[in-house]
Amino acid sequence: MANESRLQAKRPVSASLAGPYGHPFHPILVTVPIGAWVTSLVFDIASHVVHRPGFLTQSSEWLIAVGVIGALLAATVGFLDLFAIPSGTLAFRTALVHMTLNLLVTAAYAVNFLWRYSNYTAGGSVGLGRLVLSAVSVAALGVSGFLGGKLAYRYGVRVADESTQAEGYTAGRSERDARPAV
């Protein structure tokens, strides 16, 4: 039974939407909000260091918006991956905590964007409350990322099975050698 559950969690619910077997879309999509939100925090901190911080506060605000949009896209395919995990398993419970944290972080950043909206026109640095909200959100995002890594690397959710992985370690022609001559 456990082996069937494990194999079920490796297969996509919908390959056209969630990505084909062994190559899910969720991990690549999460790089957008992670990169945008970490960079926005760096810009928030930098806005307290430079002489004219307006460009940093404006950039941070829009990076937050890009991150929220990217998070919603990543969540869409993440939900599909969640449906592949059998309920009642430790992997499923871990995925629910991962999802809940991500939804809370996304909501916090949506609030942060609205709180900041058009405040950069004054040209000042980011307010302390907004900076703290970003820092706490990035910390929660880090915890969620740890859980996402646990889902993939420890529980093997949406990761190809070992026999498929072994294909990459067989002796033979390389991809370069397999290409037709020009």
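This briefing walks through the overall make-up of the chain, how helix H6 packs with other helices, and where a few buried residues sit. The model is a predicted one. The chain has 9 helices and 0 strands, and 36% of its 182 residues count as buried. Helix H6 (residues 90-116) turns up a lot below, with H4, H5 and H7 as its packing partners.

**The chain as a whole**

- Going along the sequence, the pattern reads α-α-α-α-α-α-α-α-α, and the strand count is 0.
- Take the contacts with a separation of 6 or more: 76% of them link residues 24 or more positions apart.
- About 10,900 Å² of the chain is exposed, and carbon and sulfur atoms supply 67% of that area.

**H6 with H7**

- Two packed helices can be described by the angle between their axes and the distance between those axes.
- For H6 and helix H7 (residues 128-154), the angle is about 160° and the axes are 9 Å apart. An angle over 145° counts as roughly antiparallel, so H6 is roughly antiparallel to H7.
- H6 and H7 cross in a left-handed way, and their contact is made up of 16 nonpolar, 9 polar and 2 charged residues.

**H6 with H5**

- Helix H5 (residues 54-84) packs with H6 at an angle of about 155°, with 9 Å between the axes. H5 and H6 are therefore roughly antiparallel to each other.
- The crossing of H5 with H6 is left-handed.
- On the H5 side, the residues that meet H6 include Ser60, Ile64, Val68, Ala71, Leu72 and Phe79. On the H6 side, the residues that meet H5 include Phe92, Met99, Thr106, Tyr109, Phe113 and Arg116.
- Sorted by type, the contact of H5 with H6 has 15 nonpolar, 3 polar and 2 charged residues.

**H6 with H4**

- Helix H4 (residues 31-46) packs with H6 at about 40°, with the axes 13 Å apart. That angle makes H4 oblique to H6.
- H4 passes H6 in a left-handed crossing.
- H4 brings Trp37, Ser40 and Asp44 to this contact, and H6 brings Val105, Thr106, Tyr109 and Arg116. The split is 3 nonpolar, 2 polar and 2 charged.

**Buried polar side chains: Ser40 and Thr106**

- Ser40 sits in helix H4. With a relative accessible area of 0%, Ser40 is buried, because the cut-off for buried is under 20%.
- Apart from neighbours within four places in sequence, Ser40 is in contact with Ser60, Leu63, Ile64 and Tyr109. Ser60 and Ile64 are among the H5 residues that meet H6, and Tyr109 is among the H6 residues that meet H5.
- Thr106 is part of helix H6, and its relative accessible area of 12% makes it buried.
- Leaving out residues up to four places away in sequence, Thr106 touches Trp37, Val68, Ala71 and Leu72. Of these, Trp37 is one of the H4 residues that meet H6, while Val68, Ala71 and Leu72 are among those in H5 that do so.

**Ala91, in H6**

- Ala91 is another residue of helix H6, and it counts as buried at 13% relative accessibility.
- Setting aside residues up to four places away, Ala91 touches Ile85, Leu151, Tyr155 and Val157.
- Ala91 and Tyr155 are 64 residues apart in sequence, yet 6.5 Å apart in space from C-alpha to C-alpha.

**His26, in H3**

- His26 belongs to helix H3 (residues 26-29). Is His26 buried or exposed? At 17% relative accessibility, His26 counts as buried.
- Which residues is His26 in contact with, leaving aside neighbours within four places in sequence? They are Ala74, Val77, Gly78, Asp81 and His98.
- His26 and Leu80 are 54 residues apart in sequence and 9.2 Å apart in space, C-alpha to C-alpha.

Terms used
Residues are numbered from 1 along each chain as its sequence is written. This is a predicted model: local features need pLDDT of at least 70, side-chain atom pairs count only at pLDDT 80 or more; totals for chains, interfaces and linings use all residues. Side-chain values use heavy atoms; hydrogens and water are left out. Axes are lines fitted to C-alpha atoms, for helices over the stretch in contact, and angles run from 0 to 180 degrees between N-to-C directions. Helices (H or I, at least four residues) and strands (E, at least two) are DSSP runs, numbered from the N terminus. Angles under 35 degrees count as roughly parallel, over 145 as roughly antiparallel, 65 to 115 as roughly perpendicular and the rest as oblique. A crossing is left-handed if the near helix is turned anticlockwise from the far one by less than a right angle, and right-handed if clockwise. Ala, Val, Leu, Ile, Met, Phe, Trp, Tyr, Cys and Pro count as nonpolar, Asp, Glu, Lys and Arg as charged, and the others, Gly among them, as polar. Buried means under 20% relative accessible area, exposed over 50%, partly exposed in between (1.4 Å probe, protein chains only). Contact means heavy atoms within 4.5 Å. Accessible areas come from the Shrake-Rupley method with a 1.4 Å probe; for residues, only the protein chains shown count as cover.
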